Amino acid sequence: MLQWSNYDHFPAGTVDVVIGSDCLFFKDFHDALVGMLHHILDREGVAILLQPSRGGSMELFKEKAETFFDIEQHVDYHPEVRRPLIYTIRRPSFTLTPEYS
């Protein structure tokens, strides 16, 4: 098990995929989760987080994570069926100019 706030011993940039569910409710842990994802995801890695929006915690996490990641929100919501929102989180992509590629 990897604790979000204790990841320095884990090899950096070695994880391709992280899947998490219902892990954004406690706002006090947002910084640790962002730091851990930034540390462990490899250059092409992706994190997929499924979460209902409770008290704005998901939106607060997104604000923090956007400092380091590109985030895509997938919305498949119906008022009678409470489905979670899904965030796909990736490192920002960049394109080298022709003289540097």
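**Exercise 1. What percentage of the 101 residues of the chain count as buried?**

Let's start gently. This is a predicted model, and every value here is computed from it. Step one: a residue counts as buried if its relative accessible area is under 20%. Step two: apply that cut-off along the chain, and 33% of the 101 residues count as buried.

**Exercise 2. In what order do the elements of the chain run from the N terminus on?**

First, take stock: the chain has 2 helices and 4 strands. Next, walk along from the N terminus, and you meet them as β-α-β-α-β-β.

**Exercise 3. In which sense do strands S1 and S2 pair, parallel or antiparallel?**

Begin by finding S1 at residues 15-21 and S2 at residues 41-51. The two pair in the parallel sense, over 6 bridges. To see the pairing up close, look at Val-18, which stands opposite Ala-47 in S2. Now trace the route between the strands: the chain leaves S1, passes through helix H1 (residues 30-40) and arrives at S2. This β-α-β crossover is right-handed.

**Exercise 4. Which residues lie nearest the centre of the largest pocket?**

The largest pocket has a volume of about 230 Å³. Of the 12 residues that line the pocket, those nearest its centre are Arg-43, Glu-44, Arg-91, Pro-92 and Ser-93. Then ask where the lining comes from: S2, strand S3 (70-74) and strand S4 (85-90) each give two or more residues to it. Finally, sort the lining by character, and you get 3 nonpolar, 3 polar and 6 charged residues.

Key. Residues are numbered from 1 along each chain as its sequence is written. This is a predicted model: local features need pLDDT of at least 70, side-chain atom pairs count only at pLDDT 80 or more; totals for chains, interfaces and linings use all residues. Side-chain values use heavy atoms; hydrogens and water are left out. Two strands pair if DSSP finds at least two bridges between them. A crossover is right-handed if, with the strands pointing away from the viewer, the path from the first strand over the helix to the second runs clockwise. On a 1 Å grid over the protein atoms alone, a cavity is a set of points where a 1.4 Å probe fits but cannot get out, and a pocket is an open set with protein on both sides within 12 Å along at least five of seven lines; lining residues have an atom within 4 Å of a point. Grid points are joined across faces, edges and corners, and a volume is the space filled by probe spheres set on the points. Ala, Val, Leu, Ile, Met, Phe, Trp, Tyr, Cys and Pro count as nonpolar, Asp, Glu, Lys and Arg as charged, and the others, Gly among them, as polar. Buried means under 20% relative accessible area, exposed over 50%, partly exposed in between (1.4 Å probe, protein chains only).
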